[in-house]
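Q: Hi! I've just opened this one and could use a friendly tour. Can we go through it together?

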Amino acid sequence: MTPPRIRPPFVADERTQLVGWLDMQRAIVHYKCEGLAEADAHRSVLPASPLMTVAGIVSHLRWTENTWFEVLFLGRPADGPQFAESPEDADMRAEGVPLARLLQDYERQCAVSNEIIAAHSLDEAGRHPHPDYESSAASLRWMLIHMVEETARHAGHLDTLRELLDGEKGYY
């Protein structure tokens, strides 16, 4: 079942608004996948970006949630495909994995992320710096803002892919 697409309230505390916008973007990811044929979920339509499939994006988003909230913030082991040295972009390789399973895994990962977010101060710094960024670890607030941006950007990719795949379009 697709999560509801609810905008956060106009007047609310910072945490409510940040998590609200992130949850809305996560729900749009699910919405963009509704009714998509399994073959289309794995079909590449961008010649220069063969891993940029609906399934690949959903897989990537799941592992991105894991990276930021579990690994970099809490310090849990870095053992997902996003940390593999090869193949490149292993977190986007979803061949043979049904879209429904990818969406379930993503939803479960988002629930874990939300539990972590709820249990910590927005000012708290993560335990590990991201290897591609500064030497200091980001605050939970920074991670939340980043995940709103990352998820919204990929929701836009999904919007474009969906229209190219089967003509379905719509914001939310």
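**Helices and salt bridges**

A: Happy to! This is a predicted model, and a good place to start is helix H1 (residues 14-33) and helix H3 (residues 54-73), which pack at an angle of about 155° with their axes 10 Å apart.

Q: So are H1 and H3 roughly parallel or antiparallel?

A: Angles over 145 degrees count as roughly antiparallel, and therefore H1 and H3 are roughly antiparallel to each other.

Q: Which residues make that contact?

A: From H1 there are Leu-22, Arg-26, Val-29 and Cys-33, and from H3 there are Val-54, Val-58, Leu-61, Glu-65 and Phe-69.

Q: And is the crossing of H1 and H3 left-handed or right-handed?

A: H1 and H3 cross in the left-handed sense.

Q: Okay, new topic. How many salt bridges does the structure hold?

A: There are 13 salt bridges. One of them joins the side chains of Arg-162 and Asp-166, at 3.0 Å from N to O.

Q: Where do Arg-162 and Asp-166 lie?

A: Both are in helix H5 (residues 140-166), four residues apart, which is about one turn of the helix.

Q: Why does that spacing of four places matter for the way residues point?

A: An α-helix has 3.6 residues a turn, so residues three or four places apart point the same way.

Q: Are Arg-162 and Asp-166 buried or exposed?

A: Arg-162 is buried, at 5% relative accessible area, while Asp-166 is partly exposed, at 33%.

Q: What about H5 itself, how far does it reach?

A: H5 has 27 residues and spans 38 Å from its first C-alpha to its last, close to the 39 Å expected at 1.5 Å a residue.

Q: And what follows H5?

A: Gly-167 does, and its phi is positive, near 85°.

Q: Back to salt bridges. Which residues are linked in a network?

A: Arg-62, Arg-101, Asp-105 and Arg-108 are linked that way. Within that group, the side chains of Arg-108 and Asp-105 meet at 2.5 Å, N to O. These two residues both sit in helix H4 (residues 99-118), three residues apart, again about one turn.

Q: Is Asp-105 buried or exposed?

A: Asp-105 counts as buried, with 13% relative accessibility.

Q: Can you show me one more salt bridge?

A: Sure, try Glu-70 and Arg-76, whose side chains meet at 2.7 Å, N to O. Glu-70 is buried, with a relative accessible area of 12%, whereas Arg-76 is partly exposed at 37%.

Key: Residues numbered from 1 in each chain as written. Predicted model: local features only at pLDDT ≥ 70, side-chain atom pairs only at ≥ 80, totals over all residues. Heavy atoms only, no water. Salt bridge = Lys/Arg side-chain N within 4 Å of Asp/Glu carboxyl O. Buried < 20%, exposed > 50% of the residue type's maximum accessible area, 1.4 Å probe, protein only. Expected span 1.5 Å × (residues − 1). Axes fitted to C-alpha atoms, helices over the stretch in contact; angles between N-to-C directions. Parallel < 35°, antiparallel > 145°, perpendicular 65-115°, else oblique. Left-handed = near helix turned anticlockwise from the far one by under 90°. Contact = heavy atoms within 4.5 Å.
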